[in-house]
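This report describes how selected parts of one protein chain pack together. The structure is shown below, and the text then works from one helix outward.

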Amino acid sequence: MSNRLWNTFRELCGIHSPSYRERAFCDALIKRLADLNGNFFEDNAGSKIQGNCGNLYCYIPGSLNGPPLLFSAHLDTVEPAEGKKAVLHENGCISSAGNTILGADDVAGVTVILEAVTRLKEQNIPHRSIELLFPVAEEKYGAGSSVFDYSLLKAKEAYVLDLSGAIGEAANAAPTIMSFEIKIHGKAAHAGFAPKSGVHAIAVAARAIASLPQGEPIPGLTFNIGQIIGGESNNIVPSLCTVRGEIRSLIHGAVLSYWDKVRAIFDTEAAKAGARTEAKNKVELKAYETPLDSSVVKRFIRACEKTGIPPYIHSTFGGSDQNNFALHGITGLVIACSMHEVHSLREYSNLYELENCVRLVMRIMTDQEEGIQ
Ligand SMILES: [Zn+2]
């Protein structure tokens, strides 16, 4: 077990790095990449997405044949994270002090990548050329990776360290995530003197929502109304109600057609009451599926087998930077890197798992094309 692994995790975890405010975390990483003699640069994503930091890229040349392989982990964490501190328990478990998230999502991924590259260098192990990409604002639907200039990348194969689950798990498919907002415009009136002359926007929203089951209304598609805002005062018939939510499915077209259905239901209820709707949507992330016979999957399985870790490839219902990479022709897997119960105060990691993930990632970095080894 490497002390350095724990020290890196602890140090990085101690840096506050919420989405759009990743500056200090990025600076700490730049220092470490400089120590590794990596050729790195930071792009101008910060100014494009109103953050204080850009995406960090690094190139590490290797002596093995083949185009570079891309490894990625994001710089930001969800909140509450201010003052977070990693606590190491006797069984190797790493938790936060309890009143913040741990931020293993994605400190674990960053730590594993740094340790793997460091070991390759200090042990002089021949490896593939490696590209590293540390995007900002992943937790905001991949805002950072959505503005990266992909013409700068040579890799066509990515390993994104950003998945919960046992080491050896990897996601080869992720959903389209569409967020939406529907405004129902009714008509204000005095609730006591003239209720019938008003058009009740909240009641229209309620009727529409009641006929739209929440959760998984059709197999493989999730629908969630996450926010309702409406009304002005107890004695006014509400003239406006705003409803926000999201739709997810591994099938992009299924999300688009469900959105049509949602709109139609709101429009119908609005028309019945004499209200009108104003709807907008945004495809935050687009679904992708990495074929099981692609080189990225084969290489991952080969590396698992050589490390003695059972591989398990499956789809996920969460988005990641890989959704954006796929849009630019990069075939990738999102791989588990010891983060559990993420986005909660119960979040934890494990030093033994981190160590196994380092060994696995080193195997990938040193894997030659089939037939050559
Ligand atoms: Zn993450």
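Is helix 10 largely enclosed by the rest of the structure or exposed, and how many of its residues are buried? In this predicted model, 11 of the 15 residues of helix 10 are buried, so the helix is largely enclosed by the rest of the structure. The buried set consists of Leu351, Glu353, Leu354, Asn356, Cys357, Val358, Leu360, Val361, Met362, Ile364 and Met365. Helix 10 covers residues 351-365. At 1.5 Å a residue its expected span is 21 Å, which agrees with the 21 Å between its end C-alpha atoms.

**Phe9 and its surroundings**

One residue of helix 10, Leu354, is in contact with Phe9. Phe9 belongs to helix 1. The two residues lie 345 positions apart along the chain, yet their C-alpha atoms are separated by 9.6 Å. Besides Leu354, and leaving aside neighbours within four places in sequence, Phe9 is in contact with Ala86, Ile94, Val107 and Thr111. Phe9 has 27 other C-beta atoms within 10 Å; the threshold for a buried residue is 20 or more, so Phe9 counts as buried.

**Helix 1 against helix 4**

Val107 and Thr111, both contacts of Phe9, also appear in the contact of helix 1 with helix 4. Helix 1 spans residues 3-13 and helix 4 spans residues 104-122; their axes come within 9 Å and cross at roughly 140 degrees. Angles over 145 degrees would count as roughly antiparallel; helix 1 and helix 4 are therefore oblique to each other. The crossing of helix 1 with helix 4 is right-handed. On the helix 1 side the contact is made by Arg4, Leu5, Thr8, Phe9, Leu12 and Cys13, and on the helix 4 side by Val107, Val110, Thr111, Leu114 and Glu115. By class, the residues of this contact are seven nonpolar, two polar and two charged. The spacing along each helix can be read against a general rule: an α-helix has 3.6 residues a turn, so residues three or four places apart point the same way.

**The protein as a whole**

The table collects values for the whole protein.

| Property | Value |
|---|---|
| Secondary structure | 10 helices and 17 strands |
| Span of the C-alpha trace along its principal axes | about 85 × 45 × 40 Å |
| Buried share of the 373 residues | 46% |
| Share of contacts with a separation of 6 or more that join residues 24 or more positions apart | 76% |

The contact of Phe9 with Leu354 is one between residues 345 positions apart along the chain.

Technical notes:
Residues numbered from 1 in each chain as written. Predicted model: local features only at pLDDT ≥ 70, side-chain atom pairs only at ≥ 80, totals over all residues. Axes fitted to C-alpha atoms, helices over the stretch in contact; angles between N-to-C directions. Helix = DSSP H or I, 4+ residues; strand = E, 2+ residues; numbered from the N terminus. Parallel < 35°, antiparallel > 145°, perpendicular 65-115°, else oblique. Left-handed = near helix turned anticlockwise from the far one by under 90°. Contact = placed C-beta atoms within 7 Å. Nonpolar A, V, L, I, M, F, W, Y, C, P; charged D, E, K, R; others polar. Expected span 1.5 Å × (residues − 1). Buried ≥ 20, exposed ≤ 12 C-beta atoms within 10 Å, placed from the backbone.
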